Amino acid sequence: MLVRVLAVGDVVSEPGLRHLEKHLRSLQKCEGISFTVVNGENAASVGLTPEQAWRIYDAGADVVTLGNHTFGKMQIADFLDDTPWLLRPANFTGRAPGRGCGVYDLGGVRIRVMNLIGRCDLSWGADNPFTAADRNLERGEAELTVVDFHAEATSEKLAMAYYLDGRVSALWGTHTHVPTADQRVFPKGTGYLTDLGMTGAVESVLGIQPQQSVEMFLGGLPGRFRPASGPCKAQGALVTLDSATGLCTAVERVDIR
């Protein structure tokens with residue numbers, strides 16, 4: 001049985017959230033998508049609220065993943081403990097609320113979703129994501145496993161893909177908000193893309209107003225970042241997985257405007 005899984009890049013602020021709500025259901029229907037994972041850690045620019053998490057879920061996400069801004073809005077803490085479809089990085093300290101891995105039933109096929117965070121130039125306080133991946137692969141049973149690796153360094157993402165090649169169905173990167181063009185199936189059958197990109201305003205710098213980013217790099221005081229407006233894009237990847245082997249047969253980039 002072939003299972004088509006959609007991964008959607010970081011949803012940035014209200015413009016990105018509205019764009020997701022407008023387009024996700026039609027994309028799922030058009031592409032015959034069985035399961036959707038959306039990274040939502042920037043829905044409130046820095047973090048997300050329970051209400052925004054519900055909006056992403058109601059828009060069509062089966063699982064919402066997070067990253068370094070998981071606790072940008074502290075009201076999400078209790079919600080993480082109570083919500084099985086909301087994942088924070090599995091290699092956060094054990095004192096953090098929530099879970100980083102879950103198994104979900106697709107009707108005869110089980111899919112494990114794992115959320116990890118990188119340590120290189122991002123979250124040095126987290127546990128080792130490589131050994132955390134090993135531990136979580138031993139929890140529960142599933143025919144398919146996909147990984148959202150929220151990391152800064154492309155080298156760390158690529159190394160993780162080689163480390164898990166043949167042991168997970170697909171691995172994609174989030175966090176940089178810029179899509180990469182290296183979609184492929186690795187030698188042992190794991191689908192891969194270094195970064196999905198983002199869901200937010202086209203004319204922006206990572207979703208924020210360009211003039212603010214320019215002012216920051218000029219050495220000025222840009223003030224609190226504000227989301228850019230105007231036409232939006234939803235970027236990500238569509239991976240086709242074989243439930244009989246647990247591996248990937250194809251990876252396609254997605255860019256909906």
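# Questions on one protein chain

Reader: Leaving aside neighbours within four places in sequence, which residues is Thr49 in contact with?
Author: This is a predicted model. Thr49 sits in the loop between β3 (35-39) and α2. Once neighbours within four places in sequence are set aside, its contacts are Lys73, Gln75 and Ile76.

Reader: Is Thr49 buried or exposed?
Author: Its relative accessible area is 17%. Buried means under 20%. Thr49 therefore counts as buried.

Reader: How many helices and strands does the protein chain have?
Author: Both kinds of element occur in the protein chain. The helices number six. The strands number 14.

Reader: Why is the protein chain said to be as compact as a globular protein of that length?
Author: The globule rule gives 18 Å for 257 residues. The chain comes close to that, so it is as compact as a globular protein of that length. Its own radius of gyration is 17 Å.

Reader: What does the C-alpha trace span along its principal axes?
Author: There is one value for each axis. The C-alpha trace of the protein chain spans about 55 × 40 × 35 Å.

Reader: What share of the residues count as buried?
Author: The protein chain has 257 residues. It exposes about 10800 Å², with carbon and sulfur atoms supplying 53% of that area. The share of residues that count as buried is 55%.

Reader: What share of the contacts with a separation of 6 or more comes from residues 24 or more positions apart?
Author: Take the contacts in the protein chain with a separation of 6 or more. Residues 24 or more positions apart account for part of them. That part is 63%.

Reader: How far apart do the centres of the positive and negative side chains lie?
Author: The chain has 24 positive side chains and 29 negative ones. Each set has its own centre. The two centres are separated by 1 Å.

Reader: Which residue's side chain makes a polar contact of 2.9 Å with that of Arg55?
Author: Arg55 belongs to helix α2 (residues 50-59). Beyond four places in sequence, its contacts are Glu14, Leu17, Arg18 and Glu21. The polar contact of 2.9 Å between side chains is with Glu14.

Reader: What separates the C-alpha atoms of Arg55 and Leu17?
Author: Arg55 counts as buried, at 18% relative accessibility. Leu17 is 38 residues away along the chain. Their C-alpha atoms are separated by 7.9 Å.

Reader: Where does the side chain of Asn115 reach a backbone oxygen?
Author: Asn115 lies in strand β7 (residues 110-117). It is buried, with a relative accessible area of 0%. One polar atom of its side chain lies 3.0 Å from the backbone nitrogen of Leu66. The backbone oxygen, reached at 3.2 Å, belongs to Asp148.

Reader: What is the phi of Asp121?
Author: Most residues other than glycine have a negative phi. Asp121 is not a glycine, yet its phi is positive. The residue is exposed, at 60% relative accessible area, in the loop between β7 and α4 (129-137). Its phi is about 60°.

Reader: What is the relative accessible area of Leu206?
Author: Leu206 lies in the loop between β12 (198-201) and α6 (210-217). Its phi is positive, near 60°, in a residue other than glycine. Leu206 is partly exposed, with a relative accessible area of 42%.

Conventions. Residues numbered from 1 in each chain as written. Predicted model: local features only at pLDDT ≥ 70, side-chain atom pairs only at ≥ 80, totals over all residues. Heavy atoms only, no water. Helix = DSSP H or I, 4+ residues; strand = E, 2+ residues; numbered from the N terminus. Rg over C-alpha atoms; globule rule 2.2 N^0.38 Å. Buried < 20%, exposed > 50% of the residue type's maximum accessible area, 1.4 Å probe, protein only. Contact = heavy atoms within 4.5 Å. Areas by Shrake-Rupley, 256 points an atom, 1.4 Å probe, with all protein chains shown as cover. Lys, Arg positive; Asp, Glu negative; His and termini not counted. Charge placed at Lys NZ, Arg CZ, Asp CG, Glu CD. Polar contact = N/O pair within 3.5 Å; in protein donor to acceptor, adjacent residues only side chain to side chain.
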